[in-house]
Amino acid sequence: MSLSILDRPNSYIGRTVPRPNAKKLVQGRGTYVDDIKLPRMVHVAFVRSPYAHARILAIRSDAAQAAPGVVRIVTGAEMAAVCTPWVGVLGHMKGLKSAPQYALAVDRACWQGEAVVAVVAHSRAEAEDAAQLVEIDWEELFVVADMETALDPETPVIHPELGDNLAFRRELDVGDVEKGFAAADAIVEETYITGRHTGVCLEARSILADYQPADEQLVVYHSTQAPHMMQTIFAKHLDLPETNVRVICKDVGGAFGIKVHTYPDEMATVALAKMLRRPVKFIADRMESFVTDIHARDHRVKARMAVSKEGRILAIEADDRTGIGPYSVYPRTSAIEANQVVNLIGGPYTNQNYRCTANVVFQNKNVMCQYRAVGHPIACAVTEGLVDKAARAIGMDPAEFRRRNLIADDAYPYKAPTGMVYEGLSHHKSLDKLLELMQYDRLRAEQAALREKGIHRGIGLAAFIEVTNPSAMFYGVGGARISAQDGCTIRLDPTGVITVSIGVTEQGQGTEAIMAQIAASSVGVPMDKVRLITGDTEVTPYGGGTWASRGAGIGGEATLQAGRALRENILSVAGTMLQAAPQTLDIRAGIIVDADTGAERMKLEELGRVAYFRPDTLPRDCQPELMVTRHYVQKDYAFVFTNGLQASYLEVDTETGFVTLLDHWVVEDCGTIINPQLVDEQIRGGVVQGLGGALFEECLYSADGQMLNANMADYLVPMASEMPDIAIAHVVTPTQTSELGAKGVGEAGTAGAPAAVMNAINDALSPFGASVAAQPFTPERVLRALGKIR
Amino acid sequence: MKPTPFGYVKAASLPQALDLLARHGEEAQILAGGQSLIPTLNMRLSAPRLLIDISGLADLSGIAVAGDILRIGALTRHAEVEKSELVARHAPLIAAAMPHVAHPAIRNRGTFGGSLALADPAAELPACCLALAATMIVQAPSGSRRIAARDFFKGLFETALEAGEVLTAIEIPIAVPGQVFAFEELARRHGDYAIVGIAATARKAADGTLSDIRLAYLNLESRPVLAGKAAAALAGTTGDAAAVTAAQDALAGEASPHADLNATPETRLHLARVLLGRAVARLIA
C-alpha cells in the first residue's frame with residue numbers, strides 16, 4: 001500500500017509553485033486564436049440586426065459583393081442548407097421548450113445583434129466595409145422586452161409554434177410552508193433584483209475553421225472551455241463524421257462560462273469554411289461581444305421568510321422570474337440558472353419548509369445562459385438579504401442569527417429540502433474563522449463610533465454553498481453529449497520527462513499548473529520534468545473540459561490515478577532491473593530510490609533508456625507499459641457542494657449615494673488545496689466579478705430592446721481602483737468522493753460577494769430606515785432609497 | 001471594429017495642416033492625441049476621408065509663463081500638464097483636475113487642446129478653462145483669433161471653432177494672491193467621465209469674504225456651464241451654511257441638467273448641489 005499522494009515525500013500538493021505557462025503568457029508569446037494565420041485564410045464579419053424583433057423582407061448585397069476584397073456573401077437561407085438548426089432543451093428539465101435556432105437569421109431576427117448576413121473578405125476591415133453596403137428591408141415586429149409582461153395574454157408570442165412565451169417553469173413545495181408562516185413571530189419580505197450582466201473576457205470569442213474537402217477533415221481552432229462538446233456539435237450540425245472534426249484550443253484569454261455555449265456566428269464561421277473550402281476566421285469585436293456573448297443574472301425574485309423570536313428560520317417562500325432572450329441556449333439550455341436559483345435558496349440553513357417557483361420566459365433581448373457561479377449570487381442575495389432582514393426584525397445580531405440556523409458541522413451527509421445531498425460542509429467552523437479574521441466585534445465598535453460622527457459604514461455577511469464536481473446528473477442524464485468524466489494520459493519519455501495530456505482545459509486560471517503539480521506528485525518527478533497537453537480533441541483523452549468548477553476535482557483525480565498507475569508500472573520495470581520487490585522502491589524527485597532509506601537506486605532516464613532502446617536486456621516477460629490512462633467521474637452525489645462565508649465592510653456617502661468598499665473577507669472550504677496561491681487568486685477574481693455585479697455591471701436595455709451601453713466606456717466592469725483588499729482563509733474538509741479530496745473553487749467568490757455588499761449597504765443605511773435590493777447598487781438607487789431623490 | 005478606409009498625412013508644419021484642412025473641408029479631421037478620435041473611427045461613428053496628424057508640430061506643444069499669462073500649447077500631453085510645476089503654481093485648479101482625466105495611459109497620449117476642441121460635456125478641462133476664464137488661441141489660414149472660454153463651448157461636442165481653424169494654444173490668467181480653487185467630481189469609477197463635477201475659483205479676503213466667484217460645472221448640462229446665480233448668492237459672504245444653501249437653491253433655479261445612463265436630471269441636480277457645498281468648503285478651508 002503506497003502512501004496517499006498528499007503524504008508522499010516531495011509532494012507539490014498544497015504548495016504555491018509558479019505556473020509553468022505564466023512566463024510564456026507574460027512575455028506575450030501565448031497562442032490565442034487570433035495569433036494563428038493559415039494559408040488562404042479569409043475573415044468574416046456579420047451584418048447584425050439593428051432591431052430587437054423584425055422580419056427580413058429583402059436583402060440586397062450586390063454593392064457589397066462588388067466591394068474590394070469580398071470573397072462571398074451568405075444569407076440565412078443559404079446558410080441553413082449547410083448548417084442545421086439546433087434546439088436548446090434537455091430531457092431532465094421537464095417542460096423546457098425552445099425554438100429551432102439558425103446560424104444566421106432566416107426570416108426574422110429576434111434580438112438586436114443577431115447575425116443576419118455573413119460577409120467574407122480577405123481582411124476583417126474589408127469585410128466590415130462591405131457589410132456596411134448590405135441593404136436589408138425590415139418590417140419591425142412587436143418587441144417583447146419586459147420579462148414581467150412576457151406571459152400576459154395580450155403580449156404577442158415570439159415563437160407562435162410554442163404556444164406561449166414560457167420556456168420553463170419549476171415549482172417546488174417541500175415541508176409545510178403554511179405552517180411555518182403561521183407560527184412566525186416575524187415575517188420579512190423583499191423583491192430582489194439582479195441586473196442582467198455578462199462576463200467580459202479579455203480575449204473576445206474567437207474561432208478559426210479549416211476544412212479540407214479531400215478527406216473531409218475539419219480542424220477548428222477555438223477559444224472554448226469544452227473542446228469535445230464542440231467537436232460533437234460541429235459534426236452534428238455540419239453533417240460530418242465526428243471523428244473527422246478536430247477542435248484545438250490553445251491559450252484562452254478568460255472564459256467564465258461565456259465560452260461553453262453554441263454561438264450562431266461561430267457555427268456560421270465553421271459552415272463558411274466548409275462552403276468555401278478554405279480557412280475562415282472570426283474574432284468577435286467588443287461591440288458585438290456585448291450583444292452576442294451570453295448574458296446572465298436577469299432575475300427578479302420576490303421572497304419572504306418566517307422566523308421565530310428565538311431566531312429560527314421557519315419557512316422560506318420565493319418566486320423567481322427571469323427573461324432569457326428569444327432562445328434557450330444550446331446545448332446546456334437557459335433553464336439551468338433559474339433551476340440553480342431554486343436549488344440554492346436557503347441552501348446553508350436547516351430550514352426544511354421551502355416553496356419556490358421559477359418562471360423562465362422568452363423575450364427579444366440577447367440570450368442568457370450560464371456565466372460563472374450560475375444562479376449562486378442570485379440565490380445567495382435572496383437568502384442572505386432575508387436573513388439580515390429577519391435578524392433585524394427580531395433584534396438579533398446577524399452573525400448570531402446565522403449561527404442558530406446554519407447546518408451543524410456534524411450533520412452530514414445532509415439532505416436539503418431541494419433533495420440535494422451535501423456530503424460534508426463546515427459552516428460553523430467557517431463562521432468562527434470569518435468572525436475572527438475580520439475582528440467582527442472590533443469592527444462593530446468602530447462602526448458605532450463612526451456613526452456618531454455621521455460616517456455611515458456597514459458590515460455585511462453572506463453564507464453560501466457552491467456547486468462543484470458535477471456528476472452526469474448535470475447534463476448527461478438530460479441527453480446532452482457533455483462529458484461528466486475526464487481522462488488523463490501520462491507517458492514517461494526516455495529522458496525521464498512525463499507528458500501529461502488531459503481533457504480539462506486552461507483558460508488562464510492555472511489548470512495546467514495544478515495538473516502538473518498533481519502529476520509530478522503522483523509519479524514522483526520534479527515540476528520541471530512535467531509537460532502538459534490540453535485542448536486538442538485528437539490528442540487528449542475524451543473529457544468535459546473546464547466549467548462548473550470541475551477542473552481540479554474531476555481532472556485532478558484522473559491525473560492522480562494516472563500518475564499512480566504509471567508509477568506502479570515504472571516501479572515494476574525498476575524492480576526487474578534492480579532485482580528488488582517493486583514495493584520496496586519509490587520514485588522521488590525523478591529518481592528511483594529505496595523506499596525505506598531514500599537511497600538512490602536508478603535515475604528515471606536510465607530506466608527510460610533501457611525500456612525504450614535496450615529492451616533486449618530485459619527478461620522476455622517484462623514489457624514496460626510506460627504510458628497509462630485513467631478516467632474519473634464523480635458518481636456519489638449530483639454535485640460535491642462546498643461552502644463558505646464572505647463579509648464586506650464599506651462606507652456609504654449618504655449625500656451622494658456612493659459606496660466605497662473598504663475591506664472584504666472570504667472563508668472558503670474547497671477541500672484539499674492543491675495550489676494555495678491559485679486558489680486564493682481564483683477566489684479574489686471571483687469576488688471582483690461579484691462586486692462588479694453588485695455595484696457596476698448591467699446590460700441596460702431600452703423599452704424597444706436596444707442595448708444602450710454596449711461598449712467598455714458605458715458598461716462598467718470593476719476596476720482595481722475601486723476594489724478593496726480581499727483577505728482569504730480556509731477550512732479544509734476534503735471530499736471523500738476522490739482520493740485527491742479536492743472540490744471546486746471557481747464559483748465561490750462570485751457567489752457570495754454581491755450579498756455581502758448588499759447587506760453591508762443596508763447595514764449602513766439602517767439608521768435611516770432605508771434599504772436597497774436591486775443590483776447594481778448605483779448611487780442613484782442608494783439616493784432613492786434614502787429619499788433624497790424620487 | 002475596423003475604421004473605414006482613410007487617408008493620412010503627418011503634417012510637417014502648421015501652415016501645411018491648415019492648407020490641407022482648407023482643401024479637404026469637412027472630409028478632413030485633425031488628429032492630435034487620438035484618444036477620442038481613434039475609438040470613434042473604430043466604432044465607425046465617424047468616417048473622415050483624411051486624417052491630418054499634427055502631433056509632430058513641436059511649436060504647438062509646451063507650457064510657459066509670460067507676464068500674468070500661463071500659456072499651454074494645444075498639443076501638450078495631459079501627462080506633461082499633470083507634472084508641470086508651472087501649472088501647479090499658476091493654475092492649481094488644473095493641477096487638481098488632472099488626476100481625474102481618464103487614466104495614465106490615456107494621459108500619456110491625450111492632449112490638452114484635444115480635450116477642449118472635442119468639448120465632451122463630461123470632460124474636466126473645458127470646465128476648468130471656463131472657471132479660469134481662459135482664452136483659446138485659434139489659427140486659420142487667414143490669421144489667428146482669440147476666443148474666450150465662455151464663448152468657446154457651444155453645445156454637445158460643439159465649439160466656436162470654424163471650418164478650417166485649428167486650436168493652437170490656451171492662455172490662462174495666472175493665480176493671484178488670495179485666489180482659491182476647488183475641483184470636485186463624482187465618477188462611478190476613478191478615471192471615468194464623471195456623473196457631474198465642479199471647477200470653482202474665488203478670491204478670498206483676509207476676513208474670509210468671497211468675491212470673483214466662478215463655479216463651472218461639467219456634465220451638468222450638455223456643455224460646461226458657469227453657475228452665475230449660484231456664484232452671485234455666495235458673493236460677499238464667507239461661504240457659511242446659509243450662503244451655501246442659498247447658492248444651492250440658486251443653482252436649482254438656473255440649471256437645466258441633462259439625463260444619461262448614470263443619472264436622471266433630478267439625481268444630477270442633487271449631486272451638483274452636494275458638490276457645490278463641498279467645493280465651497282474647500283474654497284473657505
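Domain bounds here come from an automatic or database domain assignment. Keep that in mind while you click around, and remember that this is a predicted model.

**Stop 1: chain B, by domain**

Colour chain B in three pieces: domain 1 (7-53), domain 2 (61-173) and domain 3 (179-284). Now put a centroid on the C-alpha atoms of domain 1 of chain B and another on those of domain 3 of chain B; the two centres are 36 Å apart.

While you're in chain B, select Arg44(B). You'll find Arg44(B) in the loop between α2 (37-42) and β3 (50-53) of chain B. Check its backbone: phi is positive, about 60°, although Arg44(B) is not a glycine. Most residues other than glycine have a negative phi. Is Arg44(B) buried or exposed? Its relative accessible area is 18%, so with the cut-off for buried at under 20%, Arg44(B) is buried.

**Stop 2: where A meets B**

Show both chains and select the contact residues: 34 residues from chain A and 25 residues from chain B. Together the two chains bury about 2500 Å², with 58% of that on carbon and sulfur atoms.

Next, go for the charged pairs. There are 5 salt bridges between chain A and chain B. One to zoom in on joins the side chains of Glu655(A) and Arg278(B), at 2.8 Å from N to O. Widen the search to polar contacts and 15 residue pairs turn up across the interface of chain A and chain B, both partners at pLDDT 80 or more.

Which elements of chain A give two or more residues to the side that touches chain B? Select α4 (124-131), α8 (286-292), α17 (676-696) and α19 (779-785) of chain A. The largest share, 4 residues, is from α4(A).

**Stop 3: the cores**

Hide chain B for a moment and go for the largest nonpolar core, which has 177 residues. Good handles are the residues with the most contacts inside it: Leu218(A), Phe234(A), Ile345(A), Tyr422(A), Met438(A) and Ile761(A). Helix α18 (residues 748-765) of chain A gives the largest share of this core, 11 residues. Why does the core lie between domain 2 and domain 3 of chain A? Because both domain 2 (33-141 + 202-255 + 259-292) and domain 3 (295-472 + 636-785) of chain A give residues to it.

Centre on Phe234(A) and show what surrounds it. Leaving out residues up to four places away in sequence, Phe234(A) touches Ile207(A), Leu218(A), Val220(A), His222(A), Val245(A), Val247(A), Met267(A) and Val270(A). Apart from this core there is another, of 49 residues, including Val500(A), Ala519(A), Ala611(A) and Ile674(A).

**Stop 4: a few loops in chain A**

Pick Asp493(A), in the loop between β21 (486-492) and β22 (498-502) of chain A. At 14% relative accessibility, Asp493(A) counts as buried. Its side chain makes a polar contact with the side chain of Arg491(A), at 2.6 Å. Setting aside residues up to four places away in sequence, Asp493(A) also touches Thr499(A) and Tyr612(A).

Move to Ala548(A), in the loop between β23 (530-534) and α15 (551-578) of chain A. Ala548(A) has a positive phi of about 50° without being a glycine, and counts as buried at 18% relative accessibility.

Finish with two prolines. Most peptide bonds are trans. The bond joining Tyr330(A) and Pro331(A) is cis, with omega about -5°; Pro331(A) is in the loop between β16 (313-323) and α9 (336-344) of chain A. Then jump to Pro776(A), in the loop between α18 and α19 of chain A, where the peptide bond from Gln775(A) is cis with omega near -5°.

How values were computed
Residues are numbered from 1 along each chain as its sequence is written. Chains are lettered from A and ligands numbered from 1 in the order in which they are written. This is a predicted model: local features need pLDDT of at least 70, side-chain atom pairs count only at pLDDT 80 or more; totals for chains, interfaces and linings use all residues. Side-chain values use heavy atoms; hydrogens and water are left out. A nonpolar core is a set of buried Ala, Val, Leu, Ile, Met, Phe, Trp, Tyr and Cys residues joined through side-chain atoms within 4.5 Å. Buried means under 20% relative accessible area, exposed over 50%, partly exposed in between (1.4 Å probe, protein chains only). Contact means heavy atoms within 4.5 Å. Buried area is the accessible area (1.4 Å probe) that two parts lose on being put together, summed over both. A salt bridge is a side-chain nitrogen of Lys or Arg within 4 Å of a carboxyl oxygen of Asp or Glu. A polar contact is a pair of N or O atoms within 3.5 Å; within protein, one must be able to donate a hydrogen and the other to accept it, and residues adjacent in sequence count only if both atoms are side-chain atoms.
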